[in-house]
Structures are given as structure tokens and as C-alpha cells.
Amino acid sequence: MKMETVQAATPMLALLPSLLGAILILITGQRRANLREFWTIAASVAKFSLICSMLPPILQGQIVEYTFVNICKGIALQLRVDSFGMIFAVLSSFLWIVVSIYSIGYMRTLKEHAQTRYFFCFSIALFGATGTALAGNLFTLYMFYEILTLATFPLVAHEETAEAIRAGRKYLAYLLSGAAFILFAMGLTYNLTGTLDFAPGGYIDSHGSKIILSVLFAAFIIGFGTKAAIIPLHEWLPSAMIAPAPVSALLHAVAVVKAGVFCCLRVLLYIFGPDLLKELSLSLVLAYVASFTLIVANIIALTQDNLKRRLAFSTINNLSIILLGASILSPQGIKGAMLHIPFHGFMKITLFMCAGAIYAKAHLENISEMDGIGRKMPFTMAAFAIASAGIAGIPPLAGFISKWYLCLGAVEAHQVFFLVIFLSSALLDAAYLFPIVYSAFFKKGKRPKFDEAPPLLLWPIIITAVFSLLFGIFPDAFIHLFQLATHSVVTIFGG
Amino acid sequence: MVEHLPVLMVVTPLTFSFIVNVAGMWKRWLCFPLVFIPMMACTFFAFAILLKVTTAGEIRYHLGGWPPPWGIEYCIDHFSALVLLGVAVISLLVSIYAYSSFKKEVDGYRSPQLYALFLLQTTGLFGITATADLFNLYVLLEIASFSAYAIIAMGERGADFAAFRYVIFGTIGACAYLLATGYIYILTGSLNMTDVAQRLPRLYSSRALLVGFTFFLLGAGIKMGIFPLHSWLPDAYTLAPSAVSTLLAPLFSKVGGYVIIRIMFTVFDSSFSIDVFPVTDLLGLIGGIGVIVACVMAVAQTDLKRMLCYVIVAEMGYVVIGIASANRLGLTGAILHIINDMFMMACLFAAAGAIFYQMGTKEISRLSCLHRQMPVTSAVFVLGALSVIGVPPLCGFFSKWYLLLGAIKSGQWILIAVLLISSLIYAIIFFRVIEYAYLKRRVNHMRPGKSGQHPFQLDKVPISMLVPMILLALGIIILGIFSGTIVTDIIEFALPSSISG
């Protein structure tokens, strides 16, 4: 398939709204809060439009490139948009619009402090996330990856309580240590190949001995796997649930953790490549680690009473599902993994936003206290039910599509063990999500005084829930996620 | 005109130091302008020198018209030009910064001697960078050192004793350097660097030469503040007045690093430093241990400025690691780090000085909620901190990158680990301060009410201190973005061609 590279300023322009928006937010401040909120919405809409404007050329097989400045021999600060990057970029920018509306509702309902800092850091975090998606080489990726970590730190410690600050420290400790491994891996890659680019199908083959390549792979996976919450590098994620719900929703279900998984896939498929990985059996090691994480995370989820913590472990599970799908190295499996990135994003963000709405309205955090809540907040819990079904992989929801392809991938690669893993994971998903829905609707609760979530909180929830359903029926709707994933797989396997 | 610039760089502040001494006694208000003018002039000269060197090659100036090796020669190549520019810019910014800072901290801020010593200090630093004569370097080194001893002693209680310790250490170092120069003179009969470099290769097996080389390293090492020769540094730079620390801490140690690289790679050929007398292995060990020890000591500090002093020792360890890699990449990292660290450390020390100016304290634990009272300073501090930790696109990342590449290429895995672990320790020490500044609430500080209104309060620090700080922070960003240009256009030519890789 011919892939021509087009030089355009659009990638850089797509990054700007969040950066400029952040500066404007900082300048506007709390005094004119409505104007400040307007900047967030305007920036998110602008960003989404700019990224969507790159969809037509990408879908036709082109790559859009923008080089900023040369850093070193062979490395430049460069943005290179391909179909895989578009999946992540489109996902995070669209959900930013939705979560911004939700954030405004959440912050105002709870009359939170330090809102300017919150919106500023959120905007910078999206700058980092989109930059990661559009990065053209490892150096650019690393730069935006670090910006993402640093921008989300004040968001994790937002509450400024001792527990929040502790969570923030843990967050930084894990993620910056991971970054040290990534830096080492970057240096080693440059030393071996003289470049830090990405190429579909990998290019590092024959540049080093087996041992060096295995060490390199391990360094990459430990580094990026910290953000992708592989067990035992996952502990930062449940602790980070102390952050406000919109942070947990967008960042720790979508942007930050998916950035980790996205980068892992970049390493697997665009630096090492399926052939090399099969030869060195490195992917098998990753597959087993991911399977272990999958199952253990789901089991731990069963034991959690705090709703957000349960969802956090569910996220850990789903991230490793993506990693497992990719490490099986079959085309269908990789397609499933790439589809699961956005589809899971929509479903998980619905769940987190529901949790946030419940906290904002009823000040409830634990599932045991949430009996009968469905009667008070029917729409919220209905959305929760839809998203839960999706996570468990029930048709006609989006989760079924990605899980179907993942299972197909396992079959294609003759890996019955991993097929069993996928299916048991789905069973466990149902086990820890459905009881919540059941007790919300069918059990009698105490009679606290609260009602349905305010519109600013409710509409985003409904939108993402509807999309979870829509993508299940029309996976290619609006933002062409299905086509993007298919195209990516074709380029990786040298179509 | 351009040919005279090397000596003008040194003569201008020297002349003005005498002028300010006299004029200041006549009219007090003349002191500051008479410091500002030569600093501004020298910055222009340094720019002009850099432009000339990058386009036309090195500049050589013979003092008094005497040809070398009988006369003193000043030679500026790419490396010197880069360092010269860094020293000039930072001296200029600190001289502006010092205007108000001295007023607050130094009792004798009215006395013209203070400003004369400031100018003598910069004379020495410029001269060390510009000269190509070994003994002339000693003279200028001593000028810089003695001015340093004096202006450090003008700090707070205990500064005079800290300066005295520095006198002892510094004089030992200077004597070592002088001894080494003596050895070289005896062996070669010349004091001119280029001349000596031509005569030395025949003598590489001489034992006297080995001793001379060791004394060179010892002398420069003390001035640089390499572990374990650094113990004078924390006290001296902590207790000195803020503007003095901001001048000395970034510049003096880096100029010491310049001297070591000059000696190891220009005077002595790189084949000597790497093969004949494999000092690079030893330097790797010393650098690595130094970085880790300094980082750990930094974690233990409760005083902000003292913490930054240990960060300097660690950063000098980085330069040593770069030298120890013994390849082009590592040396590129070392040189790039010299210039980057000047700006990073100046930025951080300037911020610490501003904090001391407004808050009256250097204790980290007393800095809670700093960002409300000093938003600009806190932001500048965060920028400097992120650069030291190594976050792209700030400049600190790029020198770390080259150091890492150099270490990987030479296969020194321990140094790789040292580089990465030290970044994490930096994250610990700087985020501790950032936590206090941004996240901890003061005990008796009311939480903003429902309206969340906190009027934006600019730092109560004079503009003459804020502007240099902000410019230094901008410098960090600009240096980072243009690292590629700096490396390809300047540092590539600064590396001796005898080094491989």
C-alpha cells in the first residue's frame, strides 16, 4: 500500500488550542469564571475540529507530517500523524469536549477550590496526550509523555489533603521512574540504530544481538508499562482515584493510561515489529504478564467497595486486555486491541462520570451504600448499566466488537489459553459490575434526600453511553475508528 | 576592532573596577551604572566574538604585540566563545539583580569596594576563559578567587568563616595549579598552551609530567567543586549574599570545568588523557560517586540554598561523567552541560534569592503556599527545577541525553544508572519544594471562601530582581529548543579532532 507523506502545519495547529487555552485560562482566573470555562470549551472544540480535519487524508493512506526543529543528528521534534495515532488523538480530543462540560458541572456543584489550576492543568494534560498521539518519533513522544505526567500531578493532588499529596507522590514516583527506563531505552535505541523513528512493522531487527534487544524490550515495557498499569507497576492508579471524578474519568481511564498502552503498542508494532517479536519470543512473555495482570486485577476488583477503586482495577484489566491482544501478534488481535482503546474509553468514561455524579449529588463513594440509588438517579444508573454491559462484552455494545476481534485474534494465532483468558475476564467483568446495577435498581435503599444529577453532569454521561451503543452497531460511525484500526493493521503487516 | 575583543573582555571590567572604586567614593549613586556599563559592553563583545568565531575561526590576540611563546596570548575558539557568552550574559543579569539584592542583604552595600570586587570577579572569569597562557590563567584564577573570598565574606553570620575555609581550600588548589604550571615550564620551557601542546607528546612517558597533570586536575577540581574536593562549597555559597551566590555558583564551577577540559584535551592531547594515563576511568568513578553522594546530601537539606549547592556539586559530577566517557558524544554532553547548567543554576539561585528577599527565610518548611505570595518566582523555580530533572524541551534534558549516549557508547552501565537515578533523586528534592509552594496549605491561612477569590498578588520583589529571573527562565527554554543548533554549529567544532566516536 503506497503511503505518501504530506507536509502540513495541521498537526502543530491541532496541538495549539490546548496550550493557548491553558494560558488564557491562567490569565482569566477565577474572577471571570464563565469566560475561563468558555476558553476550555472553545479549545476542546477547536482541537477536535483540527484533528478531524486530518481524517480524510489519513483514511486515504497518507501520513501528515510537521517538523519543528532538529534536536540531534537523526532526531527532530517532529509530528507524524498516521492512522494509529489518529485513533488515540480523535478519542482524547472528543472526550475532552464531553469531560469539559462535565468538569464545569462537577466543579460548580461541589464548589471546589483551585478551579483555575484545575482547568489549566487539564488543558496542558490534553496538550501532552495529543502530542503523544501525534508524535513522529520516540523523542517527541517522550517529551509529550513527560508533559502529560507533570500536568496531571497537580490534578491528582488537587484535594490537597495529606492523602491526596501522598497519592501525588506515589504517582510521580511510579511514572517518573518509568520515564527513566524509557530514557534508557531511547538512548540504547539511538545507539543501535542512529534513529528514533517509528516504522510500521518495526525496523530494529538486525541492529543488535538477542540479549541487547531483549534488554531493550524489557526497558521499554517497564517504562511504558508503568503508565499502562501492568502489575506490579500498577499501584499508582488506584491511589490516584483520590483525584476529582472528571480527572479519573478522562485522564485515568482514557488519556494517561491509554497513552501508556498506545506507547507500548508503538514499541511492539512500530519499533520491534511482529516478526522480530515472534523470533525472540519476547511478545509471549508480555502476553503472560498481561494475562496475569488481567485476571488478578479483575479478582481484586471484586473485593473493592469503593466504586472508583473498583473501576480503577477494571481499567487495569482492560489495559492489559489491549496489551494481550497486541502481543498475540495476529492481525485480528491487533485490530481488536486498537479498537478496544477507543471503545473501552467511551464505556469506562461513562462509568467514571456516573461515579462522579453519584458523589457530587449524594456524597456516596462506596457501593455498599448505593442500594436503591437507581430510583433516585434513573438516567445515571441506566447509563451505568449500558456501559457495564459494554465492558462485559455484551452485544450490541461497542465492547462486544473489540472483544470479538480479540478473541478472533487468539483463535487465528492458535492460542486457546489466551482465548480462555479473554472469556474468563468477561465473566469476571460481569461479576463485579452487574451487582452494582442490580442493587441500584432492585434493592431498597435508605431515603436520603437527593435527586438526579444536574444537566451539566447528566448530558455528558448520556452522550458517552449512547456512543458506546452506537459504536457497537456502527463501529465506523462519525470518526471512522474501524477504518483507522484496519488500515493500521494492514500497514504493520506490510500490506 | 574585532581582533582586540579578547583582551577588551578582560580589560573593560578591570578598568571599571578601579573607576568605580574612586567614583563611588565621590558620588554613591555612580556605583551601579559603573557596574552595569562594563557588563553590558562585555555582553556585546561576547556576542561579537561568538559570531566571528563561528564564521571565521578562532581569534588570537598577542598582548603587547609580543609573539608567543614569549608573550602572553589570548585565544578564543568555539568552546571559549560559548563559555564566554554564557559568563557574560549571566554576569550582566546578576549585576542588574544585585542592585536591590545587595541593598537588602549586604551591610556594606553603599561601599564602592563591593562593586569593585564584583567587577574584579568577572574580570577573572572572563580572563580564565579567554587566555591561552598557563601562567596568565593562574593570575586570573587568583584574581577571581580573591574577589570571591571577599564578597562571600560579606554575607550573613558565619559567612566570614565559610569564606576563610574557602580561602584555605582555594589557595591549596591554586598552589597545586601553580606547581603544575611550574612542572610544565620546566619540562617544556614554554607557558603558551598551543606551544606546550606541541612539545608535550614527546614527554608523555615522563613521570614529572604525570605529577604535573595530576596537580592540574587537583587544582581545577577544587575550584570546580568535584566530590571529594567540594566541602568548601555548600557553606560558602549558602551563606554568601544572594546575588553573590547567583553569580558564583553557576559561573565559577563551570569555568573550573572549562579549565579541566582545556587541560585534558587541548594542552594534553586526548590520547594522553585516555590511553597513556587512563584518568578517564578514575574520573568516571569519581563523577559517579560524586553525583550520588551529592544527590543524597541534597535530600537531607532543609535549607533551600544549601540544597541547591549540593545540586551544583552533583551537576559538576555530570560534567566529569561526560569527560569520563572519552568519546565525542560524552564530551558534547559535558560542554553542553556547562553552558546549560550556568543558566539553570543561575535561575534557581536567583529564585532562592528572591524568596529570601521577600519571605526572609531559606527554610523549605516555611514556604507553604508560596505560589500565592510569589507566583512569578514559584513559576521560575518550577521551570528551573524541571530543567534540572531533565524534562524536554528544557535545556537540562539535552545535555543529559548526550551524556547518556556517551555513557552507552562507552559501555559504562554504572554511569548510565547514575544518570538516571540522579534524575529521580532530583525529582524528589525539587518536588518537595514544589509541594510546599503549591500544594500545602498554611496552617493559619484561611481557605478561600465559597467565591474562591484570591486576588492575584505579584511578588513583592523589585522589578530589577524579577526581570533577570524571568530572562534566565526564558533562556532555559530557548537554550533547550536550540540545542541542536548549538551542538551542530558550535560544539562540534569545539571538540578536539583526536577524539573518536
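Author: Contact here means heavy atoms within 4.5 Å. Keep that cut-off in hand, and remember that the model is predicted.

Reader: Then let me apply it. Which residues does Ser327(A) touch, not counting residues up to four places away in sequence?

Author: Ser327(A) touches Leu268(A), Ser283(A), Leu286(A) and Ala287(A). Ser327(A) itself is found in helix α13 of chain A, residues 307-327.

Reader: Is Ser327(A) buried or exposed?

Author: Buried means under 20% relative accessible area. Ser327(A) has 3% relative accessibility, so Ser327(A) counts as buried.

Reader: Now the nonpolar core. Which residues of the largest one touch the most other members?

Author: A nonpolar core joins buried residues through side-chain atoms within 4.5 Å. The largest one here has 396 residues. Those touching the most other members are Phe272(A), Met338(A), Tyr237(B), Phe268(B), Trp401(B) and Phe430(B).

Reader: Take Phe272(A). What is Phe272(A) in contact with, leaving aside neighbours within four places in sequence?

Author: Glycines appear in the list: Gly201(A) and Gly202(A). Leucines do too: Leu213(A), Leu216(A), Leu277(A) and Leu282(A). Phe217(A) and Phe220(A) are aromatic partners. Ile204(A) and Val267(A) complete the list.

Reader: On to strands. How do I read a sheet?

Author: Strands of a sheet pair through backbone hydrogen bonds, either parallel or antiparallel. In this structure, an open sheet of 3 strands in chain A has the order β1-β2-β3, with mixed pairing.

Reader: Which are the edge strands?

Author: The edge strands of chain A are β1 (5-7) and β3 (75-81). Each pairs on one side only. Neighbouring strands of this sheet are turned by 40° against each other on average, direction ignored.

Reader: In which sense do β1(A) and β2(A) pair, parallel or antiparallel?

Author: β1(A) pairs with β2(A), residues 63-72, in the parallel sense. There are 3 bridges. To find one, start at Thr5(A): its bridge partner in β2(A) is Ile63(A).

Reader: And over how many bridges do β2(A) and β3(A) pair?

Author: β2(A) and β3(A) pair over 7 bridges, in the antiparallel sense. Two examples help. Glu65(A) stands opposite Arg80(A) in β3(A). Cys72(A) has Ile75(A) as its bridge partner in β3(A).

Reader: What lies in the hairpin between those two strands?

Author: The hairpin of β2(A) and β3(A) has 2 residues between the strands. Check the backbone there: Gly74(A) takes a positive phi near 95°.

Reader: Why is β3(A) called largely enclosed by the rest of the structure?

Author: Because 6 of the 7 residues of β3(A) are buried. β2(A) is mostly covered, with 7 of its 10 residues buried.

Reader: Salt bridges next. What is the cut-off, and how many are there over all chains?

Author: The rule wants a side-chain nitrogen of Lys or Arg within 4 Å of a carboxyl oxygen of Asp or Glu. That gives 15 salt bridges over all chains.

Reader: Where does the pair Asp235(B) and Arg165(B) sit?

Author: Their side chains meet in a salt bridge at 2.9 Å, N to O. The pair links distant parts of the chain, 70 residues apart. Asp235(B) lies in helix α9 (residues 233-239) of chain B, and Arg165(B) in helix α6 (residues 159-188). Arg165(B) has 27% relative accessibility, so Arg165(B) counts as partly exposed.

Reader: What about a pair inside one helix?

Author: Try Arg199(B) and Asp195(B), whose closest N and O atoms are 3.1 Å apart. Both lie in helix α7 (residues 193-199) of chain B. They are 4 residues apart, about one turn of the helix. Arg199(B) is partly exposed at 32%, whereas Asp195(B) is buried at 13%.

Reader: Are Lys254(B) and Asp341(B) buried or exposed?

Author: Both are buried. Their side chains meet in a salt bridge of 2.9 Å, N to O. This pair links helix α10 (residues 242-267) and helix α14 (residues 328-359) of chain B, 87 residues apart.

Reader: Which residues of chain A are linked in a network of salt bridges?

Author: Arg36(A), Glu37(A) and Arg108(A).

Reader: Last, cysteines. How many disulfides does a search of the whole structure find?

Author: It finds 0 over all chains. A disulfide needs two cysteine sulfur atoms within 2.5 Å.

Reader: Why does Cys309(B) have no bond to Cys295(B)?

Author: Cys295(B) holds the closest cysteine sulfur, but it is 14 Å from that of Cys309(B), too far for a bond. Cys309(B) is buried, at 0% relative accessibility. Cys407(A) is also buried, with a relative accessible area of 16%.

Technical notes: Residues numbered from 1 in each chain as written. Chains lettered and ligands numbered in written order. Predicted model: local features only at pLDDT ≥ 70, side-chain atom pairs only at ≥ 80, totals over all residues. Heavy atoms only, no water. Buried < 20%, exposed > 50% of the residue type's maximum accessible area, 1.4 Å probe, protein only. Pairing = 2+ DSSP bridges. Axes fitted to C-alpha atoms, helices over the stretch in contact; angles between N-to-C directions.
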